[in-house]
Amino acid sequence: MAKKVLVVNYEKCSGCRMCEVVCSWRHQQEFNPAKSAIQIVTLRDKSVDIPIICQQCDKAMCQQVCQPKAISYNSEYFAYIVDEQKCIGCKMCISACPVGAMNFDPDKGVAIKCDLCKGVPQCVRYCPMGALEYIDADKISIKKKYVVAEKFFTEILSAKSLHQVG
Amino acid sequence: MDKKNSYAGKFVRVNLTNKKIEVEPTPKKLLREYIGGVGIGARILWDETDEKTDPLSAQNKLIFLTGPLQGTLFPQSARYEVVSRSPLTGWWAHSSAGGFFGPELKYAGYDFVIIEGKSEEPVYLYIDNDIIQLRSAKHLWGKTVPETNVLIEKEVGDKQVKIACIGPAGENLVRYACIMSDYYRAVGRCGLGCVMGYKKLKAIAVRGTKGLGVADKDKFDKLFNDWIKRYTPEGKYWEHVSAMRTYGTFALTDWENAIGRLPTKNHWTGYFENAENTIGMQPLKNNHYKRHKSCFCCGIQCKYVSEVRKGKYKGTESEGPEYETVEAFTSNFLSIDTDALIRANYLCNIYGLDTITTGHTISFAAECYEKGLLKKSDTGNRELKFVDKPENSKKIMETVLSLIEDIVYGKDEFSRLLQLGSKKAAEVLGGDAWKYAIHVNGLEASGQDPRPHKSLGLTYAINVRGADHLTSLSSLDELGYKEELLRRYGKKLVDILADRLDERYKGYLVSEMEEFYSLVDSLLLCKYGTMWPPLYYFDDLLDIIPIFTGFEEYSDPKELEKLASRIVDLRRAFNIRLGWTKKNDSLHPRFTQEPIPTGPAKGQVCNLEPMLKEYYEIRKFDWETGLPSEEELIRVGLQDVAKELKKKNKVVKNPKIPTTGRKWVHWSKRIK
């Protein structure tokens, strides 16, 4: 099976935070964005919303700094997963994460990390705007290329004939 | 987390006079009998104020309420409600906003916050989970809404803090100032920002990281996907959900104009020629739409940011405008200048003004000017006209825009007069001015007209907070939801009910909507999803309320009816205690006596009486006095209210209830 990854279409996110609540409900059985593995940062004075997601890095710093080896890679789901039994709550993974995606559960005293919901990411399933996608890693930018191509066509090519552009 | 329901479980009482802050468990009885939102707000306001409580006094209360849905995964769980006595109308006031403030309050651990007393110095309330502090707001006083947000975020060092605040309009006691949360979401109507300003409370800033649960987890999981489906192409009303997601409430401008119900020139008519091509959904989408936004955890997603791209106001950017604002600052002045509209929306947002009352108070003055009741010398030299030719829109709207700012700061005598709203301003002006103050019970009519949409006439007349569209409006006739009418009321009534111009059965329909929305505003669900489009109805509430609250009795329609009536009757009782009588259940003569002069509904007036009779029949009000029935209050569990009203001679033992001869099966006997 091809490796799959979670990607964000930043221009589509409306900042509704449904992903956060779904994530906390599915994983923690409570409605609590503070315990979600995905979190939206809203630059409110600019009305812009940016979801911060775990990138499941190929060289995962969270795994490398973890002393009790609580973070392991699951090659079936292509996700690094926190073993709550092994996690000692040292929070080194949170410091090491280059994108700030790691989170912490103060009640259980363990790190919260995106596990891609065993291959069926719930944030993707319930995002009303289609801002999140779970796609093959080797096709990661094809969709974007089409968006750019469409834009290129409507803004540049359609105004002139092809040979004029050439 | 061992939550047995979706309530936060505690509430906060803040006394601004002695700076005392109390946290107590939310009484189970209060939750059980009133659910949340307006329900609980009505109970507290009834208990803790009386007819001597001046809206602008330390004794008046200002209550910020959530309900069982806030902060949960229910796909419309954003709203919070504010309840008080209105300084604009003098009557009962409720108003709500979406965004993120309501859910955050519950994540902090609180179902509601009661504000009482009055501070000497400006303060703001800061809540961070268990930490609750009153902090000085001297440095925030005078700041606009966005400035206040940025300063508080910096001060508390947390950009996730959610803020409800007032702008300079509330500080300067403009009677229709609103409370703004999450920068751009307005607790708009009835002047609750003015109450906050009087109490010298600049803001409430909340941060919460606690979790919430549900009473019935299995049933929640089972129904969640069914609810979600309603917001997808598989849903029955996908076409409307999709229109809201694409255009927001802009979409209404075209639809309302098509039925002759788009308020135009201070409610003179309901049709604005060429609106579709000038101020309609397509021009606004093409020329001003910038980015999509949403409230917390919403399936509909109707919010957006809009901007001005050229000319004098280039760079102006704000969330909205909603349909009501579009109407108030375009067709209301006969203007096609949408740049001025975006600017007006922005100004109202940053200063904290209700766009509806602001637009309609200024258009009231414009009509007085047109009719010669106001001269240029009276208006501080402002040429306050309606737009005579479309190409003059820009110039005339410039005057309106500068007047908005003058009203906020009370720059001169005229702008200070307009700070009072149209009803009181008309009283000051005297003479015929009242004819042009298009309000019901002190609240300016919103972006509707009862002449082409008869049931709305009753909505305006009986609403506890005056002429608004959110307390009992039926969209089923307005927008022609025939399939839904058929499902709810059967074949016999569907054509009569669907006919916007037919008054028959509309009293029953509006009464049902009032009961429905009393629950919607207590839970708190959004009107988008319950009014337009009609995604949810009473049968859904029979599931929803027990799932979240654990109050199983509300899966029985009979008990649900009592709950709805308890809230409706208590709010009415609040107004009755203040002196509301049958005379108040009336409409402005513009709607009952002046036939609509142009457009698809030309020639129509609203005939209120037949609808009022049906409404009184359902509510069991006394036809002569408008007073409630003692037995009915007792039946719905308001024994103490009946007792107090009885002492004041404001309840009737055997009310004269009108009969209409029409047959109507109450929803509680229809649904299962």
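This report walks through two sheets, one helix and one chain contact in a predicted model.

**The sheet of three strands**

Let us begin in chain B with an open sheet of three strands, ordered β13-β14-β15 and paired in antiparallel fashion. Its edges are formed by β13 (289-293) and β15 (317-319) of chain B; each has a single partner strand, so one side of each is left without a neighbour in the sheet. From one strand to the next, the twist averages 20°.

Look more closely at β13(B) and you will find four bridges joining it to β14 (residues 303-307) of chain B, with the two strands running antiparallel. Along this pairing, His292(B) stands opposite Tyr304(B), a residue of β14(B).

**The sheet of six strands**

Chain B also holds an open sheet of six strands, and here the pairing is mixed. Reading across, the order is β8-β7-β12-β9-β10-β11 (chain B). The edge positions belong to β8 (131-136) and β11 (185-187) of chain B, and because each has a single partner strand, one side of each is left without a neighbour in the sheet. The twist averages 20° from one strand to the next in this sheet.

Within the sheet, strands β9 (residues 162-165) and β10 (residues 179-181) of chain B run antiparallel and are joined by two bridges. Here Ala164(B) is the residue opposite Ser181(B) in β10(B).

The two strand pairs described above are set out here.

| Strand pair | Bridges | Direction |
|---|---|---|
| β13(B) and β14(B) | four bridges | antiparallel |
| β9(B) and β10(B) | two bridges | antiparallel |

**Helix α17 of chain B**

Now turn to helix α17 (residues 422-429) of chain B. Which of its residues are buried? They are Ser422(B), Lys423(B), Lys424(B), Ala425(B) and Ala426(B). The cover over the buried residues of α17(B) includes the helices α14 (355-370) and α16 (413-418), together with the strands β16 (439-440) and β17 (443-444), of chain B. After α17(B) comes Gly430(B), which has a positive phi, near 75°.

**Where the chains touch**

Finally, how many residues does each chain bring to the contact? Chain B gives 28 residues and chain A gives 20 residues. On the side of chain B that touches chain A, α4 (145-156) and β13 of chain B each supply at least two residues. That side of chain B divides into 14 nonpolar, 10 polar and four charged residues. Strand β13(B) therefore appears twice in this tour: at an edge of the sheet of three strands, and among the elements of chain B that touch chain A.

Technical notes. Residues numbered from 1 in each chain as written. Chains lettered and ligands numbered in written order. Predicted model: local features only at pLDDT ≥ 70, side-chain atom pairs only at ≥ 80, totals over all residues. Pairing = 2+ DSSP bridges. Axes fitted to C-alpha atoms, helices over the stretch in contact; angles between N-to-C directions. Buried ≥ 20, exposed ≤ 12 C-beta atoms within 10 Å, placed from the backbone. Contact = placed C-beta atoms within 7 Å. Nonpolar A, V, L, I, M, F, W, Y, C, P; charged D, E, K, R; others polar.
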